[in-house]
Amino acid sequence: MKMNQEWKKLNSDIHSGMHIQGKWHKQTYVIKRKLGAGAIGSVYLCEANGKLAALKISDKRSSMTVEVNVLRSLGKVQGNRLGPSLLDVDDWTAPIGTKYSFYVMEYLQGESMASYIHRHGKEWAGVFMVQLLEDLEQLHQQGWVFGDLKLDNLLIVSSPPRVRWVDVGGTTQTGRAIKEYTEFYDRGYWEMGSRRAEPSYDLFAFTMAFIHVYYPKRFVKGSQPEKLLFRKLDEARGLRPYRNVLKKALAGKYASSSQMKREMLQVIHDTQKKKQKTRKQIQQEKEAPFLLEAGGISILAGAYYLISLLFQ
Amino acid sequence: MRKGTLKQILLITDGCSNKGEDPSATASLAYQQGITVNVIGILEDEQSEQPEGLKEVEDIALSGGGVSQLVYKQALSQTVQTVTKQAMTQTLQGFVNKELQQILGQDQSLEDLEPEKRGEIMEVVEDMGETCDLEVLVLVDTSASMHDKLPTVKEALIDLSISLNARIGRNRFAIFSFPGKRKDIQKVFDWSPALDSISTIFPKLTSGGITPTGPAIREAMYQFGKKSLLRSFRDEDEPGMEEA
Ligand SMILES: Nc1ncnc2c1ncn2[C@@H]1O[C@H](COP(=O)(O)OP(=O)(O)O)[C@@H](O)[C@H]1O
Ligand SMILES: [Mg+2]
């Protein structure tokens, strides 16, 4: 396929240790390793003036220009956390003559949200949900819709753990047609709404991202898409506390992320309370003689077991 | 900026033509009249290499000023959209490049500008792509080998209509199949703003034997209506753009 040939070209044009110098701004970047690739281009870890950064490069020059425009516009938002900050934009011609556009951005060192939640516990799902809703709220207020919201485009950076998004290729001005999307996350594919850029489009994709955490292999839509999604939500144990809010998001019931965030916080608050109650019960049981003998470790295990039951 | 109508033929086929004039020739004729020709070549599941006959796919799109892509049946939906949108951007960029040359002089194109200026111009291209009116004539090859692919084609077209109808600009779609019963092409779905009602109409597609791609493109060209054809003739320096 034509696209495959383009990939091969890019992969043979760029390798670690290579120096890439911009045509316009003359800054030189040393390529360290590949961070990832997607539909538009490849992203490499690079170094310039002793600092690490991420460099996205592609021969799809107009798509790259569109992304840069979005990053520029988001960069103007106070206390910018909406996407990586933009450091440089330039062109580069490979030794064999292929012309590329590239841009350099803040390197977000992190791990995937799915692996983070699976390693550190499902209560983190709630934390990241609230963080993401907060960022979406800000983005929507600026008149943008993220569009291609999906696990691939979410990273958890550490200390403190925070979800950040990359790849603004789908980020679209409110009211326009979504620029780029991924089928599994797209409400149009699930026959549950239009592809017009509005906050509820992101909230649908948001929910699909958390569904994807618990169904890593995804699934196809079948003949009753809405029913299927609701069932999958019910069957995902880790999502049980949030499922009513998530269902409303799938059905397009939230016109804004702040509304969804409010209800999400309420749900988390209620679950937390139940959790505390369980802790108290355990405390009382602890006073029973046979449990005293059992020692601290099994008490902790018992508490953890009870809490995890609550979350099922 | 002037509002205009973009005209596209989207040819969906799985093989090469075997009857009538060279499809590249008719595609270039269409392009001269302001209609870009895009081609999607569907590969068989077991095909791993680019088959000989599908070189034609690239050639038709090249002469037709459009975009081409080979694809497996499973990825058809996304491809139909990418190709259509890319072709829109390409046409609009060509149009903007022409205007640029008038301002900046010959041999100046979008790529020769520094990234900052390019960004501003790309914004204009994007605005035009969002707001312009669009006419897409889908030309589906219904020769025997396409038979099992038609349901997927149908789904992909409905999906295309969902995407394009999220735009601010207006759309018109029509579907023709070829070869037709007695003519080169046959109308499957007349010009209308959405494709969501094609489910009942699609079974009409019948499988034949020959593949007259060239004549089919020529006939498709005339389906865009006499009025717009005349206009495009007059505005020869604006391929693909017609004043509204
Ligand atoms: N700023 C960044 N810091 C760290 N990793 C990144 C950064 N940007 C992108 N990546 C990684 O590269 C992958 C591909 O980049 P992306 O911008 O999503 O490309 P595409 O538009 O082609 O999908 C991402 O999924 C992510 O893993
Ligand atoms: Mg991506």
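Which polar backbone atom lies 2.9 Å from a nitrogen atom of ligand 1? I looked this up first and found that the atom belongs to Leu108(A). I note at the outset that the model is predicted.

**Entry 1: polar contacts of ligand 1**

I then turned to the oxygen atoms of ligand 1. A backbone N or O atom of Gly38(A) is 3.2 Å from an oxygen atom of the ligand. For the side chain of Asn153(A), I recorded 3.3 Å between one of its N or O atoms and an oxygen atom of ligand 1. I next asked how much of the ligand the protein buries. Ligand 1 taken alone exposes 550 Å², and 91% of that is buried by the protein.

**Entry 2: the shell around ligand 1**

I listed the surroundings of the ligand and obtained 20 residues. The closest are Ile40(A), Lys56(A), Glu106(A), Leu108(A) and Asp167(A). Leu108(A) is thus among the closest residues and also supplies the backbone atom noted above.

I sorted the shell by residue class and entered 12 nonpolar, four polar and four charged residues. I also checked which strands contribute. In chain A, β2 (28-37) and β4 (51-58) each supply at least two residues of the shell. The largest share comes from β2(A), with three residues.

**Entry 3: the interface of chain A and chain B**

I moved on to the two chains. I found 26 residues of chain A in contact with 34 residues of chain B. The area buried between them is about 2,500 Å², and carbon and sulfur atoms give 47% of this area.

How many salt bridges does the rule find across the interface of chain A and chain B? I recorded five. I examined one pair by name: the side chains of Lys179(A) and Glu126(B) form a salt bridge, with 3.4 Å from N to O. For polar contacts across the interface, I entered 12 residue pairs, both residues of each at pLDDT 80 or more.

**Entry 4: the side of chain A that touches chain B**

I asked which elements of chain A make up this side. α1 (2-13), α2 (61-75) and β5 (86-93) of chain A each supply at least two of its residues. α2(A) gives the most, with six residues. By class, I divided the residues of this side into eight nonpolar, eight polar and 10 charged.

I closed the notebook with the two compositions side by side. The shell around ligand 1 has 12 nonpolar and four charged residues; the side of chain A that touches chain B has eight nonpolar and 10 charged residues.

Definitions and conventions. Residues are numbered from 1 along each chain as its sequence is written. Chains are lettered from A and ligands numbered from 1 in the order in which they are written. This is a predicted model: local features need pLDDT of at least 70, side-chain atom pairs count only at pLDDT 80 or more; totals for chains, interfaces and linings use all residues. Side-chain values use heavy atoms; hydrogens and water are left out. A residue is near a molecule or strand if one of its heavy atoms lies within 4 Å of it. A polar contact is a pair of N or O atoms within 3.5 Å; within protein, one must be able to donate a hydrogen and the other to accept it, and residues adjacent in sequence count only if both atoms are side-chain atoms. Accessible areas come from the Shrake-Rupley method with a 1.4 Å probe; for residues, only the protein chains shown count as cover. Helices (H or I, at least four residues) and strands (E, at least two) are DSSP runs, numbered from the N terminus. Ala, Val, Leu, Ile, Met, Phe, Trp, Tyr, Cys and Pro count as nonpolar, Asp, Glu, Lys and Arg as charged, and the others, Gly among them, as polar. Contact means heavy atoms within 4.5 Å. Buried area is the accessible area (1.4 Å probe) that two parts lose on being put together, summed over both. A salt bridge is a side-chain nitrogen of Lys or Arg within 4 Å of a carboxyl oxygen of Asp or Glu.
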